[in-house]
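User: Please take a close look at the side-chain contacts in the structure shown here, with attention to charged pairs and aromatic pairs. A connected explanation suitable for a first-year student would be appreciated.

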Amino acid sequence: MNMPPEMQALIDREKDKARKNKIKNRPIVFSIYVMVLVFLCMFGYIIYYMSNKAERTVANASNKRQDSFADFVKRGDIITSDGTVVATTEVDDNGNEKRVYPYNGLFSHVVGYNEYGRAGVELSANFTLLRSHVGLDEQLKNDLAEEKNPGDNVILNLDYNLQNTAAEALGNARGAVVVLDASTSDVLAMYSSPTFNPNEMANVWETAHTEEGQESALLLNRATQGLYAPGSTFKVITAMEYIREHPDYENYSHVCNGTDIYNSVSIRCSNSTAHGTVDLKTSLAKSCNTSFADIGVNSLNMDSLADFSEKLLYNKDIPFEGDTSKPVFKLNGSSDKSYIPQTVIGQGDTLTTPLHNALIMQAVANGGSMMEPSLIDRVESADGSVVKKYKPKAYGQVIDPEVTRAIIPMLEEVCNSGTASSIMAGKPYTVAGKTGTAEYDNNGNCNSWFVGFSSKDKPDIVVSVVVEDYTSNQISGTSVASRIMDAYYAGQ
């Protein structure tokens with residue numbers, strides 16, 4: 001059927017008009033689609049944020065909004081693994097709250113304080129302590145009575161007996177102790193001396209800002225923030241690097257005359273003792289400085305040693321919920337060769353913390369797998385129900401298992417016939433570890449180290465101890481570690 005020309009023309013004009021309108025509307029339609037997409041993305045992110053990030057944002061220790069929770073919740077208790085309450089909130093007859101620390105300075109650096117700022121667990125778990133998960137019936141009852149709900153309790157991995165033993169063993173000496181579970185890195189004890197009484201923060205704060213207080217670094221947690229030369233404990237890393245580079249390490253031999261010169265640097269063994277012909281095991285057991293200087297100068301790739309040290313967290317942030325200092329290792333293949341002899345025996349510019357040294361030994365005890373240290377075991381509501389359970393978290397495989405299998409008998413020899421044998425030999429349990437004396441000035445004054453673990457076949461605990469100014473107080477890191485290990489097994 002033929003359509004009249006006028007009708008066809010009209011249809012063509014309408015089609016052309018529709019086509020032009022379609023072209024004209026295309027940007028508008030595109031904009032609408034973009035707006036809908038943006039809205040959906042924003043809505044999706046809000047859902048994601050609320051379910052995954054909101055709580056972490058509020059829980060961030062630097063979030064000042066947490067303090068407002070205290071208007072409705074009484075701060076929860078901090079309790080050790082054996083049920084000892086180390087921080088609690090007392091309320092007087094007028095409803096005034098006071099944070100109380102029943103054991104004064106015994107847990108002060110690790111548990112922290114809640115006045116004049118916050119520190120320790122009081123800071124890292126602030127959000128948790130100000131939440132309440134008691135039953136709805138109790139919450140309703142408290143709301144009707146216009147009373148605060150009881151906050152959740154934080155249960156630590158700390159053991160009161162080990163913490164107290166560490167304090168007694170250190171006595172008045174300055175230093176620090178860290179005790180870890182060998183397989184999980186749960187922190188069983190963490191003590192720093194000198195300590196302070198968090199019940200008297202006004203006086204503590206005033207003292208800390210005097211010249212004497214600043215000199216003693218009263219508020220510094222030496223266990224996690226104190227940086228010390230590792231001394232001969234670093235020889236464990238040097239020995240493991242030698243094993244990594246030399247599969248025939250059992251054939252190593254060195255003749256020690258007590259003193260020698262390497263790269264124009266004079267190296268002497270303790271008291272210039274001549275150890276004679278030594279292999280790698282004896283070198284570590286006797287802590288032979290000339291042997292390890294010889295290894296560093298003539299047998300190691302410095303870039304490889306630097307890489308291995310960084311795998312063991314030197315120059316890295318320590319994965320820990322509290323404040324930590326970053327360990328320091330500066331040597332590499334481009335460094336002045338004269339730095340090698342001192343560095344490989346743990347002197348020079350190398351610095352570590354007791355916690356870091358403990359983590360390295362934990363990795364050795366655990367087949368090379370380093371676990372992240374954890375203070376908190378779980379969170380419980382005031383009625384005792386578990387709100388959250390913390391699981392051990394692996395940092396990563398930092399040492400080849402075959403290297404740990406090679407180094408452990410050498411560390412055991414340190415305790416059976418070497419530098420730790422006068423204290424560690426003959427125990428009813430086996431000990432593998434390393435002593436260290438680290439000079440901190442040019443007058444021969446030194447700090448005393450011990451880092452090691454008990455029960456070599458199935459390691460139980462790792463103990464890291466540094467005692468400052470051993471030259472004066474004659475309290476060795478080994479003697480402190482021995483008392484802690486004895487206390488651990490006495491309680492089993």
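Analyst:
**Side-chain contacts, from charged pairs to rings**

Glu168 has a relative accessibility of 48%, so this residue counts as partly exposed, a value that comes, like every other one here, from a predicted model. Arg483 is also partly exposed, because its relative accessible area is 40% and the class runs from 20% to 50%. The side chains of these two residues, Glu168 and Arg483, form a salt bridge with an N to O distance of 3.9 Å. That distance falls inside the 4 Å limit for a salt bridge. In sequence the partners are 315 residues apart: Glu168 belongs to helix α7 (residues 160-170), and Arg483 to helix α20 (residues 477-490). The general idea is that side chains of opposite charge can pair when their charged atoms come close.

How many salt bridges does the rule count? The total is 12. One of them joins Arg99 and Glu122, with 2.8 Å from N to O. Arg99 sits in strand β4 (residues 97-100) and Glu122 in helix α4 (residues 120-124), and 23 residues separate them along the chain. Both Arg99 and Glu122 are buried.

Another salt bridge connects the side chains of Arg222 and Glu468, again described by an N to O distance, here 2.8 Å. Arg222 is part of helix α10 (residues 222-225), while Glu468 lies in the loop between β19 (461-467) and α19 (470-473), so this contact ties together parts that are 246 residues apart in sequence. Arg222 counts as buried because its relative accessibility is 4%. Glu468 has a relative accessible area of 15% and is therefore buried as well, since the class covers values under 20%. Salt bridges can also share partners: Asp377, Arg378, Glu380 and Lys389 are joined into one network in this way.

The discussion now turns to aromatic rings. A pair of aromatic rings is described by the distance of the centres and the angle of the planes. Across the whole structure, the search finds 12 aromatic pairs. One of them consists of Tyr228 and Trp449, which are edge-to-face, with centres 6.2 Å apart and planes at 90 degrees. Tyr228 is found in the loop between α10 and α11 (235-245), Trp449 in strand β18, and these positions lie 221 residues apart in the numbering of the pair. Tyr228 is buried, because its relative accessibility is 7%. For Trp449 the value is 0%, so this residue is also buried.

Why is the pair of Tyr488 and Tyr489 called edge-to-face? The planes of their rings stand at 90 degrees, with the centres 4.9 Å apart, and planes over 60 degrees apart count as edge-to-face, so the pair belongs to that class. Tyr488 is buried, as its relative accessible area is 17%, whereas Tyr489 counts as partly exposed because its relative accessibility is 22%. Elsewhere, ring pairs link Tyr103, Phe107 and Tyr160 into a cluster.

Technical notes:
Residues numbered from 1 in each chain as written. Predicted model: local features only at pLDDT ≥ 70, side-chain atom pairs only at ≥ 80, totals over all residues. Heavy atoms only, no water. Helix = DSSP H or I, 4+ residues; strand = E, 2+ residues; numbered from the N terminus. Buried < 20%, exposed > 50% of the residue type's maximum accessible area, 1.4 Å probe, protein only. Phe/Tyr/Trp six-rings, centres within 6.5 Å; stacked < 30°, edge-to-face > 60°.
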